[in-house]
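Me: I've got a protein model with a ligand in it, and I'd like to go through it with you. Here it is.

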Amino acid sequence: MNPVTSAVTVRAPAKINLHLGVGAPRPDGFHPLTTVYHAVGLCDDVTATLADGWGVSMALPDWIDADDLPADGENIVDRAATLLAAHHGIGVTGLVSVVKAIPVAGGMAGGSADAAAALVALDRVWDLRTSDEDLLAIAAQLGSDVPFALVGGTAVGTGRGELVEPVVDHGTWWWVVVPSEEGLSTPAVYRHFDEMFPDAAPEPCGADALLAALATRDPHRLADVLHNDLQLPAIDLRPDLGELIDRGQSLGALRGLVSGSGPTCVFLCESADHARSVAAALEQDHALVLVANGPVAGAHLVEYA
Ligand code: C5P
């Protein structure tokens, strides 16, 4: 017999989009996507502990402002717990603590990582043994990029982003990550895409060139084909992002890119050393500059008691 697991810590990664093709909005308001998700080693840790009541707490690094988090009760972790418990017809109990290291409202799917990690952690402490298929379906209800946070690695996303197919990626890609002090709303960036591109094709542009470049393991080849259809709308709303990308590229980064809907910007570099030197130069003007590599694993257990 397995001993009862009373506490579990699950780690889930931030994502960037190596390719983000966006089509004209569907009748339900969501945009059809062809995207290549890439999990990078910037992770939130979610610990679920058995308890009679229910509570969620957040531990933030000093560079994340508590005011940027959703108010109590609206957190995606609460929604994850409610959906998982409802799927099994049980009540929501336990204490969940989230140690955040992924920028909030940054276009790196930090909330989605927390939701994915909470699903995996609660599944374990509640001893539910939910199938992967059901976990992915619950994740898709929580947000378009929550399924990817479960899968991790590098993966093609279609539909509204929730249909995820892993791809082979034997490269190790080094990134400088520059979060912004001010968040940018994802719906606002998609709305601005619609305003700027009222004649967008229904079908998003495909990712064949990106997938071919990944297979070469050559960062110069990858740099040439990184693509984000939300970059122009994000920069139009926040011109400072364009200036940041120009600056990073002038400092030697192979390519700068808005991450997802922004405002975090990422810079592809040749190697770990190269990333550290670009990061050190960007630190002259930016309070927070991080270095991360990918691909890394999706939501996975790191500790249990
Ligand atoms: O699915 P998620 O909750 O992450 O989406 C947040 C918002 O981003 C949506 O309400 C929608 O405004 C926008 N969105 C979109 N098309 C997508 C994904 C997100 O328009 N494929």
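Me: Which residues does the UniProt annotation "domain: GHMP kinase N-terminal" cover?
Reply: This is a predicted model, where local features need pLDDT of at least 70, side-chain atom pairs count only at pLDDT 80 or more, and totals for chains, interfaces and linings use all residues. Residues are numbered from 1 along each chain as its sequence is written, and side-chain values use heavy atoms, with hydrogens and water left out. The annotation comes from an unreviewed UniProt entry, and such annotations may be inferred rather than shown by experiment. In the numbering used here, it covers residues 75-153.

Me: What percentage of the chain is helix over residues 75-153?
Reply: Helices here are DSSP runs (H or I, at least four residues), and strands are E runs of at least two. The end C-alpha atoms of this stretch are 25 Å apart. Strand makes up 8% and helix 58%.

Me: Which helix gives the largest share of the shell around the ligand?
Reply: A residue belongs here if one of its heavy atoms lies within 4 Å of the ligand. Among those residues are Gly-29, Phe-30, Thr-186, Pro-187 and Tyr-190. The largest share, three residues, comes from residues 186-196, helix α5.

Me: How far is the polar side-chain atom of Ser-144 from an oxygen atom of the ligand?
Reply: A polar contact is a pair of N or O atoms within 3.5 Å. His-31 has a polar side-chain atom 2.7 Å from a ligand oxygen. For the polar side-chain atom of Ser-144, the distance is 2.5 Å.

Technical notes
Polar contact = N/O pair within 3.5 Å; in protein donor to acceptor, adjacent residues only side chain to side chain.
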